[in-house]
Structures are given as structure tokens and as C-alpha cells.
Amino acid sequence: MTNSYYEDEVREGFYIPGMIKRSWASQMEILQRITAVCEKYDIKWFADCGTLIGAVRHHGFIPWDDDLDICMLKEDYDRFLEIADKELPSGYKILNIYRERSYRNFLTRIVNHEVIDTNRDYLAENHGFPYISGIDIFPLHYLYNDESEENLRHEKANRIWKLLEGYPLASYGTAQDKKIIREAESISGLEADRTVPVDNALYKLMDSLYSARKNERAEYVALIPFWIKEKNHKFPLSIFEETISVPFENGYINLPAGYEELLRLEYGNWERVNRNSGLHDYPYYREQEKMLEEHENGRLPYMYYPDKADMVREYPEDKNISI
């Protein structure tokens, strides 16, 4: 990235601070590392969610969006996770339900650091962005071609999801926990992991239900958090048969060759601009920024804070002089 890339900018009437641009650059750096691993092992990946819209509609990030999402077909996702530890740079961390007992999501998040870091060397490597940055990777699970078979699996997963909704985070070992686990095992016909909190165990059960279906003449795939809850985000597998590369910010990003059909199925009128969309607070690093500000006694190290004297303008005694 050139230095000018990090400057504040207005895109499509939306003001983008330089720190957002630095967060974008940091995420693109992580994506380059993921891409290198995928190319080495012949693993396909695709832009997804708002990143896909941004690539097609804006040739980069949606101006009012600040995260980067990609997806992989389930077997590629599994292969990537098998080799990611040894291939990704030191300091990167892989977060998912199988690695973090407190994780509540079906995706994997790859982050580039574990702490906020204002060290000069780190900032030089990370585009001047001191906060933890990451990319979400969504697995695309295969659905059964037989509608009745898929409906039965969906019913099981949906019932387990409802057991989970509203349940305390990281609860473990109570009589109610054991009751919930037994009920989820009865619904799924699978054995739960009893060494972890209930929420983690139930997520693993639901993931196991959908991981049982392999790519054996499958016709459809789905993003299972949306599929389980709303029975949507179901796509023809043919959409993901080929990959194309398109410009994205100062680099390139992969799209499924059938991206237009994917966008229509996922968003309907995706060409219509909607600045109220999004599933998280903007910017995503706001809480980290507050933590750094507290640590630095209320003064962020990259902000200019004028002294009171700087705000006082001295005028010459001769009142006839124009200023």
C-alpha cells in the first residue's frame, strides 16, 4: 500500500477515517497469508457476505463496512484448518468451536495478534494499525438431495438451537446443564462432548450433524447458522465450481464464477445501496480503541491533542491590522 492509501477519504458521500483504511489494509495482509496457504495446497476460497457485494459493487470494501468475509466448501475448509497452524505466520491465532471453549459460532476467525500493540516494529508491519485484526471464514456445508432427509436433519438442529438460545454462556456442570446435554443427545442421536461448557457442546453437536454429509453428488450447500435458524442461505453447488479474480482495493479477491446468482439468492436486490445493513458495530475495533485510550490515560497515541495554549490566538496590539 502507498502512504496516500491511508489518508482520510470520502467515498460515495461516506467519510472514511484513515484508521479504517489501515484496518482494511491489515485485513488484506491476513488475506494474502491465507491465499498463499490456499494456493500451496490447492484450496479454493471465495469472497462472501458484504465482502462479495463490495467486490462487485464497489471494487473494494463497502465504504461503511469494515470487515472481510470469505467462505470455503466444507472439505476445503477442513483441509485448510488441518495445515493452517504450521503454515500461517507466528502470532496468528485460529478461533473456532473446536479450539475455544467460549466460542459461539460455526465459522473460523483468523486473527493476526492476541493483544493491542503500539510497538513501532509491529505498527510498521501492520500498516500502522495497533488493534487485533481478523478475517472470518465460513464453511459451506453440503445438504442432502432428498428433501425429507434434509428436513429431518434441519428439525434436529433447529431443536438443539432452541435449547441453546437464551442459555447462560459457558455454563458447566449444573443439573440443568446435564439435562440439556441429555436432551440434545436424544435429539441428535450423537454423543456430546461433556468436557466443555453446554453452549460449546451444543454447537459441536449441530456442526457434527451437518459435517456428516460429504460432497457425494450433492446439489446444494448452505451457510448453516442461517440455514438452521431461518432455512435460508441455501445455494446451488454449481455456483462454486469455478473461481474468478477481480480487483479489490489495491489488490485482488476471489469470487465464485456464479457470483451474480449467489448475490441474488442471498440479498435479492443487492445493487441497491443500504447503509443500515451489517451485523456488528462500526468500527469493529471501537472497544479495543477504548481499552487503549484508558491505558494511555485518555490520549490515543496516534491522535493529536492540542494543549490549551495551542487554542489561544494572540492578536497584535495595533487594531488596524487585518488578520
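Is aspartate 42 buried or exposed? Aspartate 42 is exposed, with a relative accessible area of 65%; buried means under 20% relative accessible area, exposed over 50%, and partly exposed in between, for a 1.4 Å probe and protein chains only.

This is a predicted model, in which local features need pLDDT of at least 70 and side-chain atom pairs count only at pLDDT 80 or more, while totals for chains, interfaces and linings use all residues. Residues are numbered from 1 along each chain as its sequence is written, and side-chain values use heavy atoms, with hydrogens and water left out.

**Positive phi values**

Most residues other than glycine have a negative phi. Aspartate 42 has a positive phi of about 55° and lies in the loop between helix 1 (18-40) and strand 3 (46-47). Helices (H or I, at least four residues) and strands (E, at least two) are DSSP runs, numbered from the N terminus. Histidine 127, also not a glycine, has a positive phi near 60°. Its loop runs between helix 4 (120-125) and strand 7 (134-142). Histidine 127 counts as buried, at 14% relative accessibility.

**A hairpin**

Strand 10 (residues 243-248) pairs with strand 11 (residues 251-256) in the antiparallel sense over six bridges; pairing requires that DSSP finds at least two bridges between two strands. Phenylalanine 248 stands opposite glycine 251 in strand 11. The two strands form a hairpin with two residues between them, and glutamate 249 in the turn has a positive phi of about 50°.

**Helix packing**

Axes are lines fitted to C-alpha atoms, for helices over the stretch in contact, and angles run from 0 to 180 degrees between N-to-C directions.

| Helix pair | Angle | Axis separation |
|---|---|---|
| Helix 6 (residues 175-188) and helix 7 (residues 198-211) | about 5° | 10 Å |
| Helix 5 (residues 147-164) and helix 7 | about 170° | 10 Å |

Helix 6 and helix 7 are therefore roughly parallel to each other, and helix 5 and helix 7 roughly antiparallel. Angles under 35 degrees count as roughly parallel, over 145 as roughly antiparallel, 65 to 115 as roughly perpendicular and the rest as oblique.

Contact means heavy atoms within 4.5 Å. Helix 6 residues including Ile180, Ile181 and Ala184 meet helix 7 residues, among them Val198, Leu202 and Leu205. By class, this contact has eight nonpolar, one polar and two charged residues. Ala, Val, Leu, Ile, Met, Phe, Trp, Tyr, Cys and Pro count as nonpolar, Asp, Glu, Lys and Arg as charged, and the others, Gly among them, as polar.

In helix 5, residues including Arg153, Ile160 and Trp161 meet helix 7 residues, among them Tyr203, Met206 and Tyr210. The contact of helix 5 with helix 7 divides into ten nonpolar, one polar and four charged residues.
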